[in-house]
Structure formats: structure tokens, C-alpha cells
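Dear colleague,

I am handing over the structure below, and I would be glad if you could look through it alongside the notes that come after it.

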Amino acid sequence: APVMAVLTSVPVASFVVLLLIWFGAGKLSFLISYLIVFPNVYVNTVAGLKGTDGKLLEMARVFGMSRGRKIFYIYRPALMPHLGSLKISLGMSWKSGVAAEIIGLAELSLGERLYMAKIYLDTAGLFAWTVTIVLVSFLFEKAVLWKTCTNGSSELMTSISSSIVNILYNFQLMRLAGEDGIAAYGVIMYA
């Protein structure tokens, strides 16, 4: 627990600079995402495991239930209420990873593209890369949560496909708008 307290209290920018010096820009976004997300997932996993019903564990011991069955039938349901932390952590991992890429300028990364759009004052590109990052984050979150929870696959696929169609339509309109990309983006998003 003391290590987790240290990891959660150190500012992200400090981690980014230290890891950039030690490991370079290539692994920076992965390491930062890990260091930002791990404490949240760890604390909530421990809380879920401690909240496991003792009577169920005793019953499993009496009936000689294997470790794999205990994990699947007893511990997994006990961890389900704590999946909210996983959802928050997935969003945090993308935000911190892209922030690390912007600072470290990892070659051919989303963060580098976003940074270059800022440098060249490419507002339409800035919006496009931002929407791309949001879309990838959304799809990543839905895919991981869908894989973790085993229900509702058809609703999820419908939601993902409609979101992709809407975002691609928005990109196409922004490209057609040219320099007036901001106005087109605002009209699309608020229409």
C-alpha cells in the first residue's frame, strides 16, 4: 500500500520526464499508462478480493473446488462491482499515454500528430486527431469491458458501429470544409 500511495501522489509530468530520460520516447507512453493505471486497478482488485464472501470460499474448500473454478465462480463475481475502476483506468491510460507522447514526441504516434497539428496551427487537423484519440479510447474501453463482461455483445457492436459511422461522417465533412473546419465541426456536433 505505501508504494501505491507514492505512485498516486507523484505528478504525471515528473514520471514523464524521468522515464523519458531513462528509457527514451519509444516505451514512454506504455510505461506512463501503466504507472498511472496500475494503482487504481490494484486497489480496487484488492478491495474486490477482500469483499469475497467467506462462506462461499469455505464451501469451495469443503467441496474441493479447483483453483480455476474458484476464480471463475467466486472471485470473478466478487470483482464485478469494481469494474467501474477498470472503466476509469482505461480512459486514464489513453489520456496519460497521449500526454506522454506529446511530451516525448514518440515517432509516428497519435501524440506526435496532435503536437504537430498544434505547432502548424492546423485547427482542423487538431480536431481530427483529437476525435481520433477519443474514438480509439472509446473502442478500446468497449472492447476490454465487453471481453471482461460476457453479456450484451449485439448491443455493443451496434453502439460501436453507429459511433464509427458518425465519426467518419464528421471527418468527411471537416475535410470538405477545408479551412472552415472549426465551423463545420461545430455545426455537426451541435446540430
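What follows is an account of what was found, going from the overall make-up to the helix packing and then to the surface.

Please keep in mind throughout that this is a predicted model. The protein chain holds ten helices and zero strands, so that, read from the N terminus on, its elements run α-α-α-α-α-α-α-α-α-α. Of the 191 residues in the protein chain, 29% are buried.

Turning to the packing, two packed helices are described by the angle between their axes and the distance between the axes, and both values are given for each pair here. Helix H3, which covers residues 28-50, packs with helix H6, residues 83-104, at an angle of about 155 degrees, and the axes of the two lie 7 Å apart. Since angles over 145 degrees count as roughly antiparallel, H3 is roughly antiparallel to H6, and the crossing of this pair is right-handed.

H3 also packs with helix H1, residues 2-9, in this case at an angle of about 135 degrees and with the axes 9 Å apart. H1 and H3 are therefore oblique to each other, and the crossing in which H1 passes H3 is left-handed.

H6, for its part, packs with H7 at an angle of about 60 degrees, the axes being 7 Å apart, which makes H6 oblique to H7. The crossing in which H6 passes H7 is right-handed.

Which residues of helix H7 are buried? Within this helix, which spans residues 110-119, they are Gly-111, Glu-112, Leu-114 and Ala-117. After H7 comes Leu-121, a residue whose phi is positive, near 55 degrees, and you may wish to look at the backbone there for yourself.

On the surface, Val-17, Leu-18, Ile-21, Trp-22 and Phe-23 form a nonpolar patch, and the accessible area of these residues together is about 570 Å². One of them, Phe-23, is found in helix H2, which comprises residues 12-23. Is Phe-23 buried, partly exposed or exposed? Its relative accessible area is 49%, and because the label exposed is kept for values over 50% and buried for values under 20%, Phe-23 counts as partly exposed, while still being a member of the nonpolar patch.

With best regards

Note on methods
Residues numbered from 1 in each chain as written. Predicted model: local features only at pLDDT ≥ 70, side-chain atom pairs only at ≥ 80, totals over all residues. Heavy atoms only, no water. Patch = residues over 30% accessible without salt bridge, like charges linked within 9 Å, V, L, I, M, F, W, Y side chains within 5 Å. Areas by Shrake-Rupley, 256 points an atom, 1.4 Å probe, with all protein chains shown as cover. Salt bridge = Lys/Arg side-chain N within 4 Å of Asp/Glu carboxyl O. Helix = DSSP H or I, 4+ residues; strand = E, 2+ residues; numbered from the N terminus. Buried < 20%, exposed > 50% of the residue type's maximum accessible area, 1.4 Å probe, protein only. Axes fitted to C-alpha atoms, helices over the stretch in contact; angles between N-to-C directions. Parallel < 35°, antiparallel > 145°, perpendicular 65-115°, else oblique. Left-handed = near helix turned anticlockwise from the far one by under 90°.
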